[in-house]
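Here's a quick briefing to read alongside the sequence and the model. Have the viewer open and follow along.

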Amino acid sequence: MPVRRLGSTGLEVTPLGLGLAALGRPAYIDLGRAADLGADRGVEALERRCHHVLDAASAAGVRYLDAARSYGRAEEFLASWLRDRRPAPEALTVGSKWGYLYVGGWRMDAEVHEVKDHSLANLRRQLAESRALLGPQLDLYQIHSATLESGVLEDRAVLAELAGLRAEGLAVGLSVSGPRQAEAVRRALDVQVDGAGVFDVVQATWNLLEPSAGPALAEAKGRGRGVIVKEALANGRLSPHGEGPPLAMLGRLAARHGVGVDAVALAAALANPWADVVLSGAVSAGQLAGNLAAARLSLADDELEELRTLAEPAEAYWAARGRLRWA
C-alpha cells in the first residue's frame, strides 16, 4: 500500500487505516455486530480478536492505527499488541483521542456508554493515561468529537495546553461529528495560540450518505492539514448489513468490479483528493481484507456520480444515526 504524509505533520500513513472503535468494547453502534462478533464479548476474547485484526493490518502494510480513551480498552489492547509484536516504531503511526470517558462498565445493556468531558482537567488526565499505555508510540492526539456547542474551540486554557503539546512535538488534531461538522472544521482551521495554528489534523465523518463536510475538508487539506475520514461505511448502513436503495446500488457496482459493497463505499471515500486516510472499522481479518480491496478499486466518474445520488440531508442522516442501538 502506498505511503503518504499526513498533511504537514511529517507523519507517514497509508490511504486506508484501521480504527479500533468496534474492537475495544463489547457494545457499539455498527449494524450486524451480533453476526460479526458473536456472543463472546469478554475482555480476553476481544483482546485476542483485536490482536488478530492488528496482525492482519500489519501484514497488509496498514500504517495508521486510530484509538480513543472512550473506546473501552482499545488503547490497552493496542499497547499489549505493540509489546508482544514489537513492530519498528517508524513502521506505524498511532493516533488517539481524548474528551470522552467510557462509562459502560463492559456491559451490553449499559444505559450510557460514554460521556463527553472537554475540560482541561480531563485533557491532562486522559493524556497521562494514553501516554502510560502507548508511550512514545503516540504520534497524534485529537479532541474527540469537538463541536461548536461544546465550547472546546473557545476554551483558551485547553487550546493553550494543546499548543504546548504541539510545540513539544506531538501532532494535535480534532475529530468532529454531527450536522455542523463543516462549521466546526472551519472554526478549527482559524484557531490560533500566540499567532500559530493549533490543529494539524482534522478527522470527520464522510460517507456516501453524509458527504456534507467534504468542502470544508478540502479547505483543510488546502491549508496544510491532514485529513482522516471516519465512518465511511455509515455504521454499517453501507456494508452487507445495510438495506434498501443504497445497498442495491452498491451491490450492482460491487458485482461489476468483483468486490464487496464495503469496498465500493470505501473506494468512493478514497476518491476524494483531500482524504489522506480513510478508516476501516473491521472486526475480523476477513472483513479487513474486504475493506482493503478498496485500495485497488478505481471507480469511474460516472459511477461516482451515480453514488452521489445516495446523499441524505445532514440533519436526517444524524437523526437516523442517533437512533442506532448499541449492540
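A contact here means heavy atoms within 4.5 Å. With that in hand, one thing to keep in mind is that this is a predicted model. At the centre of the story are eight strands that close into a barrel with parallel pairing, and the bullets below walk around it.

**Overall picture**
- The protein chain carries 12 helices and 14 strands.
- For 327 residues, a compact globule would have a radius of gyration near 20 Å, and the chain's 18 Å agrees with that.
- Along its principal axes, the C-alpha trace spans about 50 × 40 × 40 Å.
- Buried residues account for 54% of the 327.
- The chain exposes about 13100 Å², with carbon and sulfur atoms supplying 51% of that area.
- Take the contacts between residues at least 6 apart in sequence: 79% of them join residues at least 24 apart.

**The barrel, strand by strand**
- The order around the barrel is β3-β4-β5-β8-β9-β12-β13-β14, and the twist averages 25° from one strand to the next.
- β3 (residues 16-19) runs parallel to β4 (residues 64-66), joined by two bridges. G19 has D66 as its bridge partner, and L18 stands opposite L65.
- On its other pairing, β3 is joined to β14 by three parallel bridges, with G17 partnered by L279.
- β4 and β5 (residues 93-98) are also parallel, with three bridges between them; L65 stands opposite V94 here.
- From β5 the pairing carries on to β8 over five bridges, again in the parallel sense. W98 finds its bridge partner in I143 of β8.
- Five bridges link β8 (residues 138-146) to β9, running parallel, and A146 is partnered by V176.
- β9 then pairs with β12 (residues 201-205) through three parallel bridges, where L174 stands opposite V202.

**Helix connections**
- β4, helix α3 (residues 74-85) and β5 form a right-handed β-α-β unit.
- Further along, β8, helix α5 (residues 156-167) and β9 make another right-handed β-α-β unit.

**Strands covered on both sides**
- In a regular strand, side chains alternate between the two faces of the sheet. That's handy for reading the next few points.
- In β3, L16 and L18 point one way while G17 and G19 point the other, and all are buried.
- How many of β5's six residues are buried? Six of the six, so to speak a mostly covered strand. T93, G95 and K97 sit on one side, with V94, S96 and W98 on the other.
- β9 (residues 171-176) is largely enclosed by the rest of the structure, because six of its six residues are buried. One side has A171, G173 and S175, and the other has V172, L174 and V176.

**A buried helix: α9**
- Nine of the 10 residues of α9 (residues 261-270) are buried, so this helix is largely enclosed by the rest of the structure.
- The buried set is V261, D262, A263, V264, A265, L266, A267, A268 and A269.
- What do those buried residues pack against? Their partners are α8 (244-257), β14 (277-280), α10 (285-292) and α11 (301-308).
- β14 is also a barrel strand, paired with β3, so you can follow α9's packing to the barrel through β14.

**Close-up: Y141**
- Y141 is found in strand β8.
- Buried or exposed? With a relative accessible area of 1%, Y141 is buried, since the cut-off for buried is under 20%.
- Leaving out residues up to four places away in sequence, Y141 touches R69, S96, K97, W98, L123, Q126, L127, S130, L170, A171, V172 and G173.
- Among those contacts, S96, K97 and W98 belong to β5, while A171, V172 and G173 belong to β9.
- For a sense of distance, the C-alpha atoms of Y141 and A293 are separated by 28 Å, and the two lie 152 residues apart along the chain.

Key
Residues numbered from 1 in each chain as written. Predicted model: local features only at pLDDT ≥ 70, side-chain atom pairs only at ≥ 80, totals over all residues. Heavy atoms only, no water. Buried < 20%, exposed > 50% of the residue type's maximum accessible area, 1.4 Å probe, protein only. Helix = DSSP H or I, 4+ residues; strand = E, 2+ residues; numbered from the N terminus. Pairing = 2+ DSSP bridges. Right-handed = clockwise from strand over helix to strand, strands pointing away. Rg over C-alpha atoms; globule rule 2.2 N^0.38 Å. Areas by Shrake-Rupley, 256 points an atom, 1.4 Å probe, with all protein chains shown as cover. Axes fitted to C-alpha atoms, helices over the stretch in contact; angles between N-to-C directions.
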